[in-house]
Amino acid sequence: MKHIDSIAHVRGESQYVSDLPRPEGMLYAAVFGSPVAHGRIRKLDISAAKALEGVVAVLTAADIPGDNQIGPLIPDELPLAEEEVHFIGQPVALVIADSPEIARKAAGMIILEHQALPVITDPREAYRKGEIIGNPRTFRLGDVEQAWGQCDVIVEGQCDLGGQEQLYLETQGCRAIPEEGGRMKLYSSTQSPYAVQRTAAKVLGLANHRVEVDVKRLGGGFGGKEDQATPWACLAALGAWKTGAPVELILSRHDDLKMTGKRHPYSSDFKIGLSKEGKILAYRVSHYQNAGASADLSPAILERTLFHSTNAYFIPNVEIFAVSCRTNLPPNTAFRGFGGPQGMFVIEAALAKAAEKMGLPREELQRKNLLREGDEFPYGQRAERVQIGTAWSILKEKYLPSIRQRVDQYNAAHRAVKKGYAVMPICFGISFTATFLNQGSALVHVYTDGSVSITTGGVEMGQGISTKIADIAARALGIREERIRVESTNTSRIANMSPSAASATADLCGGATLKAIDQILERLYAAARKELNLDKKAPCQIRDEQLLCNGKPTGWDWRKLVEATYFSRVSLSAHAFYATPGIHFDKSAEKGHPFAYHVYGAAIFEVTLDGLRGTYRIDSVKIVHDLARPLNRVIDLGQIEGGLAQGMGWMTVEDLQYDAQGRLLSNGLASYKAPEVYFMPDDLETTLLEDHENRFGPYGSKAVGEPPLMYGIGLFFAIREAMKAFRPGREYGFRVPMTPERVLLELYGDESQAAVVKNRFAATREV
Ligand code: LUZ
Ligand code: MOS
């Protein structure tokens, strides 16, 4: 089955927020964002903006009828600034006008006078100055202090990881429509309709039931709309509330890049100790998270960094320290992987450095320390049904020897251009780390013509959740896919929904859909048994739209069954609720069983690097990935390849830069490079492990959304290997992204490239 939306997408018929038919009298909003990263507001002059022809209103914090507060975890974020501003682009005023152009022009006429306050952009500096969010946290296993004494090799180092722009194609936006009785309807491009509903209600001072949020689909989310669709929806709602007219607020790409948060940059220190046989005995790491100006989801993201700091390895003595640091950047937020990738990068860096010191191939150290059945994670959970060994073996047998040989031969034959390879194992925990969020609901209607309508709390953001839900339902009902329609996500049909996030939507909403369908099937079978005078316990089943009872055809097809049930006055609708069983976590002990299961896999990268230009090419990526029984192979392979591309982009070309004044320098797509089709390797092969069933996923499946992103980390280390082959004996750092410019800096530093090259190639004339 292909993606449900594919035909409409290709025809350009799929509707996003700004494509919805325009209601009469609709107005347009634009945001005036702070021009400075930190300051006390002295005066806000909106008079010129207000006087501009076509401007209907200019709203500030004083116009907010309810709470001027939208922080999701900690109340530290104002939808419109009051006394101070904390990052460039922070919303200060909202202009409502007849057209988007006038609204933007008027926003440009607002003047903010301020008293400058010191700007911090570096997380370590923020930490030193006590600017932290929440409490630092530490996960411990064993006793690192006593373990150092038993280590034969100890290495230490630092990693500096850049942020990453989510770069959804559809920018943030919302259309707000005032409705009768003081109600508000919001069409928001959000991964979290319920967050938008409850937050907009709070800002307007309304009960939740007076705000309805509807989401058809998003043009991409990637975490960037898990929490940060909310401010724009609240502002659109405010505009509609104050003017009484429909208001649309769609961020321009430029504003979106400037005003919204991204993946968190991290700076981390590590120390790792090993036995001479290569067993990791102790690991200590400290993570300084660059949270930006308010908490947003940072504490939850920090938590996932803690959970994933040992990646797919068992380490008996561990101490993981992590702290969220407040800086004057836009509040950084969720991005596919949610803090996990940052934790995983650092242990890979530690292993690289240890392998260099021990003179061993890096993958030897990796392999010796892979998780085994029953191993304890630093958070107390034990590894079960561990697939990393299997994935690793397949990768090793199928690819490793030939890649190793090819790289060695190539490097012996070439001087200025070198190859490198690296293996990257992954282990990613599935479940929201906030246990209460692991719940999902579904509402299923069967109509008398046999067509089926399904609403879940899952948001379609291109990841294919609608297709998967339709797939699951068709399978469970034993009917054709064409009979099933998956509806928009709507807060009046599904209440209190969790965000579509944490890779868990198919598990949670698929689980709920199956339960709702079970209820309906029970009723259909009961009605049929009665009509057909069968035993009350006669086993029934629908196969290819035919009703079978006691294993024999009854002559009833799906439509007949549905009609008969309807005429018996039995409900053909069901609502069901699914909550992941068996998960818990105790934050005071930092121990528990937070994840329903883990997703495992391994990838191998081969690259070719030009040591003179600093450029590189990805020759091949081979992945062995654990999906248990995939729900939809085409969609899942698309998720694996897309996740890989995003992970590789983060590691190499996506260079998010702020200056010391907190100004985004990479503020457009001319200065922020993202991977495109030519960046991808021609040779990309994915092998799925399909050797087991997962009891926490619909039909034995496993979550797919986030885990493959972390394969991308392997690319950094493959490039590093090629750099080592080009210029051995140098200390290379762990600064991400490894752009071609950074490759040159690492290879030559302050030295003259010409001198180095001349020296290096002195013995030969060929390069
Ligand atoms: N969102 C969230 C997430 O609220 N909690 C999580 O654990 C999570 N994990 C991954 C992505 N989004
Ligand atoms: Mo996400 S980072 O699963 O919104």
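# Questions on a predicted model

Biologist: Asp 296 has its place in the loop between strand 14 (280-292) and helix 9 (298-307). What sign does the phi of Asp 296 have?

Modeller: The model is a predicted one. In it, phi of Asp 296 is near 45 degrees, which is a positive value in a residue other than glycine.

Biologist: Why is the peptide bond from Val 736 to Pro 737 called cis?

Modeller: That bond has an omega near 10 degrees, and it is cis. Pro 737 belongs to the loop between strand 30 (734-736) and helix 19 (740-748).

Biologist: How is the protein chain divided into domains?

Modeller: There is domain 1 (6-118 + 166-259), domain 2 (266-432 + 590-748) and domain 3 (439-579). These bounds come from an automatic or database domain assignment. The centres of domain 1 and domain 2, taken over C-alpha atoms, are separated by 36 Å.

Biologist: How do you know that domain 1 and domain 2 are in contact?

Modeller: Contact requires heavy atoms within 4.5 Å. By that rule, 24 residues of domain 1 are in contact with 28 residues of domain 2. The area buried between domain 1 and domain 2 is about 2200 Å², and carbon and sulfur atoms give 60% of it. The interface also holds nine residue pairs in polar contact and one salt bridge.

Biologist: Why is the pairing of Arg 326 and Asp 76 called a salt bridge?

Modeller: Side chains of opposite charge can pair when their charged atoms come close. The cut-off for a salt bridge is 4 Å between a side-chain nitrogen of Lys or Arg and a carboxyl oxygen of Asp or Glu. For Arg 326 and Asp 76 the N to O value is 3.2 Å, so the pair is a salt bridge.

Biologist: How many salt bridges does the structure hold, and what does the one between Glu 170 and Lys 225 tie together?

Modeller: The structure holds 45 salt bridges. Among them is the pair Glu 170 and Lys 225, whose closest N and O atoms are 3.7 Å apart; being within 4 Å, the pair therefore counts. Glu 170 lies in the loop between strand 8 (153-161) and strand 9 (173-179), and Lys 225 in the loop between strand 11 (211-215) and helix 7 (230-243), so the salt bridge ties together parts that are 55 residues apart in sequence.

Biologist: What makes strand 21 and strand 23 edge strands?

Modeller: Strands 21, 22 and 23 form an open sheet in the order 21-22-23, with antiparallel pairing. Strand 21 (540-543) and strand 23 (552-557) each have a single partner strand, so one side of each is left without a neighbour in the sheet. From one strand to the next, the twist averages 30 degrees.

Biologist: How do you know that strand 21 and strand 22 pair?

Modeller: Pairing needs at least two bridges. Four bridges join strand 21 to strand 22 (residues 546-549), so these antiparallel strands pass the test. Gln 541, for instance, has Leu 548 in strand 22 as its bridge partner.

Biologist: Which helix lies across these strands?

Modeller: Helix 16 (residues 558-567) lies across strand 21, strand 22 and strand 23, and runs at about 70 degrees to strand 23.

Biologist: In the open sheet with the order 4-2-6, which strands are at the edges?

Modeller: This antiparallel sheet has three strands, and its edge strands are strand 4 (84-85) and strand 6 (111-116), each pairing on one side only. Strand 2 (residues 39-45) and strand 6 share six bridges, where at least two are needed, so they pair. The bridge partner of Gly 39 in strand 6 is Ala 116.

Notes: Residues numbered from 1 in each chain as written. Chains lettered and ligands numbered in written order. Predicted model: local features only at pLDDT ≥ 70, side-chain atom pairs only at ≥ 80, totals over all residues. Heavy atoms only, no water. Axes fitted to C-alpha atoms, helices over the stretch in contact; angles between N-to-C directions. Buried area = accessible area lost by both parts, 1.4 Å probe. Polar contact = N/O pair within 3.5 Å; in protein donor to acceptor, adjacent residues only side chain to side chain.
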